[in-house]
Amino acid sequence: MDPGRKRRIRLIAFLSAAVLLAGALVYTTFAGASSAKTPTQLLRTADAGSSYQLTGIVANGSLRRARDSLSFRVRDRAGRASVPVRYSGAVPDPFREGREIIVTVHKAGDGFVGERDSLVTKCPSKFKAARGS
Amino acid sequence: MVRAGPIILAAALALELYGIGASLYGARTGKAQWADSGRRAVYGIAILLTIAFGILELAFLRSDFSVKVVAEHSSTTTPPFYRVAAAWSAQEGSLLLWVWLLSLWSSLMLFLSRRSMRALAAYAQAVLLGFAAFFTGLTLFLANPFAIQSPAPTEGVGLNPLLRHPSMMIHPPMLYSGYTLFAVPFAFAAAALVTRRLDAEWVRSIRRFALAAWLLLGLGVLLGARWSYAELGWGGYWGWDPVENASLMPWLTGTALLHSIQVQEKRGALKAWNASLALGTGILAVLGTFLVRSGILDSIHAFGASTLGGPFLAFIAVLLVGSVVLVASRREDLRSKARLDSLVSRETAFLVNNLVLVGLAFVIFWGTFFPLISEAVTGTKQTVGPPWFDRYTTPLALVLVLLSGIGPALAWGRTSRSRLRGIFALPAAAALVALVGLALAGALSRDPAASAIFCVAAFALGSVVQEIWRGTRARRALSGETALVALTSLLRRNRRRYGGYVVHVGFVLLLVGVAASSAFQHASDVRLAPGQSARVGGYDVRYVGPTSSMDAAKVSLGAVLDVSSHGRHVATLTPSRDYYTSLDEHQFGRIGRFFEGDSTSELGLRSGIGRDIWTAVQPDLTPVARYIRDANRRFPDANSSLEGFLVKTIVARYMRSAPAAQFRLIVSPLVAWIWIGGVIAVGGAMIAIWPAPSAARRRAPAVAPAPLPSD
C-alpha cells in the first residue's frame, strides 16, 4: 500500500473514532442528565421515575434526623415554596439549615427521596456575622 | 502601610503596560536594549508584587481589621499559621497570590533564558506581562485586597473552619503555581508562532517549566483529594466537582504536552499539535481560575457569586481567538517533514497517549460545562453526575495504564516483531498472573472494570520494572558496579527518562488505589447508642461512649469506637465533631452560637497498606436543645465567664444523657496506595526535573549575547 493512502486510512479511522466518541458523549449526556430544578419548578411538574437536581436552601426548623436518614425541606433561594426531601448517605460537613444545597432527587409519594451520597453543600464564603448587636 | 497597597498595584500595572510596549517594540525593531528593558520590567513587577503581597500578609498577621478582607477572613482567635493562609481564602487575596506567583515564575524563566532564545523571549515576556496586567487590573479595579473600612471592627469573622487544615497552607499555592507556570509554555508557544521559529528550540526551553507546572498542579490536586478525604466528612477523595475537574483538565493536557514535545525533539514531528497543546493548556489553566472565581457552575468551591465573570470571559475569549488565529496563520510553517515510520514505535505510543489524554480532558470538559451547554440548547439546566464521568474515564484510564507500560519499552522509529516478544513476555505474564489471582479471589466477577485495571497495572508495572532492570544490567556489564550503584547512576545519568518511569510506577499504583477503593469499598451510615455496634466490611464497630473537649475557638463532641474483627480487637478510634463558635448571636443566641455555628469532622482513621478504616460522627444535640434555648432566653447578656460555665454545663448534660449519634463508617481497601503512588510520582518528577550534572556544566554563559533578528 502506498504511504499516502495508508495515511488517509489512518486519518479516516481516527476521525471516525473521534466522531463516535463525540456522538456517544452528546447522546449519553442529553439522555442521562438530570435537570436542575428549584423547589417551585418541582412543585409545578415532577414525573415519577425521572430524577432531578434540586437546588435550594434547607428551610430553617425543618431538619429531622432519623435512624439512618435525614428529612428536611428545601426552599427556593428567594421565596417560600418548599418541598420535603428524605435523604440517606454521606452528609457533607457544611450541611445545615439555612445553607444552599444541591441534591439529586426523585419523586416518591408526596415528597422526594434523595439519591444516596448525592448531597452537596455549598461552602459559605464566610460566616455571616451580625455585628453591632 | 496598607494604603500604599493600591499605589504599588497601580505602579505594577503601569510597569506591565510599559513592559509590553518595550518588549514588542524591541522585538519588532530588533533593538535589544528595549527587549532587555521589558525583561527588567518583569523583575521590577515581581519585586513590587512581593511587597504588595507582603503588606497584605502583614495586615493578616497583625489582625488589622481596618482592612476589609482581613476582618472578613481572619480573627484574633485564628492561629497565626492560619492567618497567613487566610490571605488566600479571600477572592481578593487569591487573585493577588495568582499574579504574584506569575511574576515570580516569569522572572525565573526570563532570567534563565536571558542569554539564549532572545528572539523568542521578547515576545514571550510581552505575553506573560499581558497575563500579569489582566490580573493586576482585576485586583486594582474589581477586587481590591487593600480596601479599607472604617470604623474598623474590634474582631474579625475568622477563617472558615472547613479551611482550617494544614492543606490550606499548601494546596492553593501549589495549584496556583501550577496554573501560573502553565502560562510559560503558553507564552513561548505564542512567541514561537509569532516569530515562526517553530523548531525544537521553544519546546526544549519550556520543557522544565511544563514539568514543574505539571508537578505542582498534580501535587495541588492530590493534596486537595487528601484534604477532602480527611476533612469534608464524606469519605471520598474525588467527586467530579466542577472545580476539581477544572484543575484536572490542564493537568491532563499538560501530561499530553510532556509526552508529545519529546516527539518534536527526537523526530521533528507534531509541531502544530505541540503548539496547540501548549496554548490550550494555558487557556485551561485560566479557565480553572475562572471557574473557581465566577460561581458560574454549582460547586462546593464557588465561594459566593462574584462579579469577575465578565472580565474573565473576555480575557479567555481573547486568548482563545488569538491562539486560533496564530496557529491558523502559521499552518504552513507548522507542517513537519517527519513522518511516522511504523505503528510499532514509541512515537506512535505517545501519539495514542496524547489522543487519549486530550479525549479524557474533552470528556471532562463536556461533562463539566454540560449545565451551560444544555441550558443554551434546550433551555433547561441539566447536569451529569459521577456515574456519567466514571463510564467514560474508566476505559480511557485503562488505555492510559496500558500505554504507560507499552511506551517506555518501545524504541523510537520502529521496533521489530521479534524484539516485541522479548519485551512483552514478562509484562504479559504478570498481567496473566494478576488475572488468575483475581478470578480465584472472586474479584473478577464482582467488578470486571476494576479487575481489568489491576491486570493492565500488573502489565505496566512489569514492563517498567523490566526496563529499569535492563538498564541497570547494561550498566553493570559496562562498569562492573554493584546493582545498587548501577541503579543510582542509571537514574542520575538519565534523569529525564528514568524519572519518567518512576512517575509511571507511581501513577499506576495510584490508579490501582482508586480502582480498588471505589470498587470494593464498604460504607455504612448508622445511628448507634452507646453500647450498640454495627458491622461494616467484616469489622464490628462498637460505640463505647461519648467524649467532649473545649477550647477558645470550639466545642468538640466525639465518640470512642472500638473496632474488632472476629472478636479480636483491631483499633480504638475517636472521631469527633468540632463546633466553631459563631459570632452570630442574632441567629443562634448567646449560648446557641457555641453549638450551632459551623462544624467540621475530625476523623477516627486507621490507615494501612491493605485498607483504611474511616469513621466520622454526627452527635445528636436534640436532648440538650432545650437547655440551649433556655440559656439563650435567660442569659442574653452573659459575660464570657458565665458563657463558659453555661457551655460547660450543657456539655456535661450531653455527656450524661449520651444520646445515640449518627456514624458514617467506611472500610476502603488499598486507598493508601493513592497517596503512596502520588508520593512516588512526585519523586519521579523531581528526578526528571533536576538538572543533570553534565547539563549544568554545559550551561556556561555565552560570551556575547545572541543578536536579535529584525523582523
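The bend at a residue is the angle between axes fitted to the seven residues ending there and the seven starting there. This is a predicted model, in which local features need pLDDT of at least 70, side-chain atom pairs count only at pLDDT 80 or more, and totals for chains, interfaces and linings use all residues. Residues are numbered from 1 along each chain as its sequence is written, while chains are lettered from A and ligands numbered from 1 in the order in which they are written.

**Exercise 1.** Determine where H16(B) bends and what span should be expected of this helix.

*Solution.* Helices (H or I, at least four residues) and strands (E, at least two) are DSSP runs, numbered from the N terminus. Step one: the bend of H16(B) is about 40° and falls at B:Phe424, with a proline, B:Pro427, following within four residues. Step two: the expected span is 1.5 Å times one less than the number of residues. Step three: helix H16 of chain B (residues 417-441) has 25 residues and should therefore span 36 Å, which agrees with the 35 Å between its end C-alpha atoms. Step four: just after H16(B), B:Gly442 has a positive phi of about 85°.

**Exercise 2.** Identify the buried residues of H16(B) and the helices against which they pack.

*Solution.* A residue is buried if 20 or more other C-beta atoms lie within 10 Å of its own, exposed if 12 or fewer, and partly exposed in between; C-beta atoms are placed from the backbone. By this criterion, B:Pro427, B:Ala430, B:Ala431 and B:Leu438 are the buried residues of H16(B). They pack against helices H15 (386-409), H17 (443-446) and H18 (448-479) of chain B, where contact requires C-beta atoms, placed from the backbone, within 7 Å.

**Exercise 3.** Describe the packing of H2(B) and H5(B).

*Solution.* Axes are lines fitted to C-alpha atoms, for helices over the stretch in contact, and angles run from 0 to 180 degrees between N-to-C directions. Helix H2 (residues 32-61) and helix H5 (residues 91-112) of chain B pack at about 145°, their axes being 9 Å apart. The contact includes B:Tyr43 and B:Phe53 of H2(B) and B:Trp100 of H5(B).

**Exercise 4.** Summarise the secondary structure and burial of chain A.

*Solution.* Chain A contains two helices and eight strands, arranged along the sequence as α-β-α-β-β-β-β-β-β-β. Of its 133 residues, 33% are buried.

Technical notes:
Two residues are in contact if their C-beta atoms, placed from the backbone, lie within 7 Å.
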